[in-house]
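Dear colleague,

I am passing on the structure we spoke of, and my notes come after it. Please have the sequence open beside the model while you read.

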Amino acid sequence: MNMKMEKILLDEEEIPKSWYNIQADLPTPLDPPLNPQTLEPVKPEELEAIFPRELIRQEMSRERWIRIPEEVRDVYRLWRPTPLYRARRLEEKLNTPARIYYKWEGVSPPGSHKPNTAVAQAFFNMKEGVERLTTETGAGQWGSALALGCMLFGLKCTIYMVRVSYEQKPSRRTLAQIWGAEMVPSPSNRTKFGRSMLEKDPNHPGSLGIAISEAIEDAVTHENTKYSLGSVLNHVLLHQTVIGLELKKQFESIEEYPDVMFGCVGGGSNFAGAAFPFVGDKLRGNPEAESLKVVSCEPTACPTLTKGIYTYDHGDTAKMTPLLKMHTLGHDFVPPPIHAGGLRYHGDAPLLCKLTNDGYMSAVAFKQNEVFEAARIFAQTEGFVVAPETAHCVKAAIDEALKCKEKNEEKVIFFANSGHGHFDMAAYEAFIEGKLQDYEYPEEKIKESLAKLSLI
Ligand SMILES: *Cc1c(COP(=O)(O)O)cnc(C)c1O
């Protein structure tokens, strides 16, 4: 392939008509989520207080293809299919024989992959008569995406935003408000759990764990209200496979197939979305995929896949969610305050963890400064300023391309470009001014947290 193409586009009709469910191709089934009280597998009915039936069905389904409703495809048309780029200027700068490609999810209205699932979740809730969705958000990426999804399908949206972020990072809060969401700083006096936190400390800074608990309590105590989650769960990863299914067609159109795929992993949704259709090739024994490497990229400050243990743990600090089998640093592990806020979750998606544990995927971890340096090199060659989360897999792709230079190897390198960093200028500013701190693997804190896990 030596054509000078930079950007590989698809027609609107090529937006996938079905999502790909990798559960159909797993050699052994996923370990089920467990009820935290009984330790029995969770029954679908038990989830109906917080999720609509169709999403529960998708969560547990083993059908390979799940049809995308036309109404959802219609919304996808706003920004999908997303472009695949050949990073020629980056290749030239690195002087590598490798070919580097990235698929750009920054073109959606909130600027990331997150609305791929937000609009689908809002739609299925609306179909079942739900009138309001609740959720939590840290810096606001997920909150703003769900606000958009709810607006497009006529639902109300209540977002519990971690109080420090609410006060210190108002841009995404405002974005969600423009799209009509109600933003509540958490802990709040709207819930019993929030009030109990405020009694202890009226200036409580909040945490994602507390915000999750408030959003769930709000949903279960109000009529026609459900809860929505932006990563980790099977149905979220399923919706994100629109990325990888488009990517396959784009690679086919230029007769390429990746040798190595990188993506950043917070809860695992964007990378699973990009990679699972290719991992599926591997699982089904497609010879094209035999030597494909699929590598998750995470921060050394929150090294879930590289240092965590694979076991059952709670999804949240307040232990309200079912127990999930995943790589975990312990549900009360509080990672250092790195700028890639979306990569600070203590666990990861059970599907991605299982595939990692079974050897179909692997993982690497990077420090903050090297990651921002990679993002700067990328911005100075390709132009796009990526999110601090995404910067982790940019770093991995650059490292791989430099290895190819040493060995004079012509690999095809792909990375999932999950979103832009336009709301992260304070982080870039700190980097430019040399004020970013590198956090080593916080071994003691992780040990403490893991010791508290009641191993099952
Ligand atoms: C939220 C977010 C992530 C991390 O979430 P995943 O579920 O792991 O994809 C990565 N990149 C961007 C741009 C995000 O907004």
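The notes below take up the ligand site, then some backbone features, and then a patch on the surface.

Please keep in mind throughout that this is a predicted model.

The ligand site

The ligand is surrounded by 18 residues, and the closest of these are K114, S231, G266, S269 and S418. When the residues of this shell are sorted by character, 13 are polar, 3 are nonpolar and 2 are charged. Two of the closest residues can be described in more detail: K114 places a polar side-chain atom 2.6 Å from an oxygen atom of the ligand, while in S231 an N or O atom of the side chain is 2.5 Å from a ligand oxygen atom. N270 also takes part, with a polar side-chain atom that lies 2.8 Å from an oxygen atom of the ligand. On its own the ligand has 390 Å² of accessible area, and the protein covers 97% of that.

Backbone features

Two cis peptide bonds may be worth finding on the model, and each of them leads into a proline. One joins R80 and P81, with omega at about -10°, and P81 belongs to the loop that runs between α2 (70–76) and β4 (84–86). The other runs from S186 to P187, with omega near 10°, and here P187 sits in the loop between β8 (182–186) and α8 (192–200).

Two asparagines have a positive phi although neither is a glycine. For N224 the angle is near 50°, and this residue lies in the loop between α9 (208–220) and β9 (225–227). N224 counts as partly exposed, because its relative accessible area is 37%, which falls between the limits of 20% and 50%. For N408 phi is about 50°, and its place is in the loop between α15 (391–407) and β15 (412–417). N408 is classed as exposed, because its relative accessible area of 63% is over the 50% limit.

The surface patch

L78, M151 and L152 form a nonpolar patch on the surface, and together they have about 270 Å² of accessible area. M151 is located in helix α5, which covers residues 141–152. With a relative accessible area of 39%, M151 is partly exposed, and it can therefore count towards such a patch, since membership asks for over 30% and no salt bridge.

With best wishes

Notes: Residues numbered from 1 in each chain as written. Predicted model: local features only at pLDDT ≥ 70, side-chain atom pairs only at ≥ 80, totals over all residues. Heavy atoms only, no water. Patch = residues over 30% accessible without salt bridge, like charges linked within 9 Å, V, L, I, M, F, W, Y side chains within 5 Å. Areas by Shrake-Rupley, 256 points an atom, 1.4 Å probe, with all protein chains shown as cover. Salt bridge = Lys/Arg side-chain N within 4 Å of Asp/Glu carboxyl O. Helix = DSSP H or I, 4+ residues; strand = E, 2+ residues; numbered from the N terminus. Buried < 20%, exposed > 50% of the residue type's maximum accessible area, 1.4 Å probe, protein only. Near = heavy atom within 4 Å. Polar contact = N/O pair within 3.5 Å; in protein donor to acceptor, adjacent residues only side chain to side chain. Nonpolar A, V, L, I, M, F, W, Y, C, P; charged D, E, K, R; others polar.
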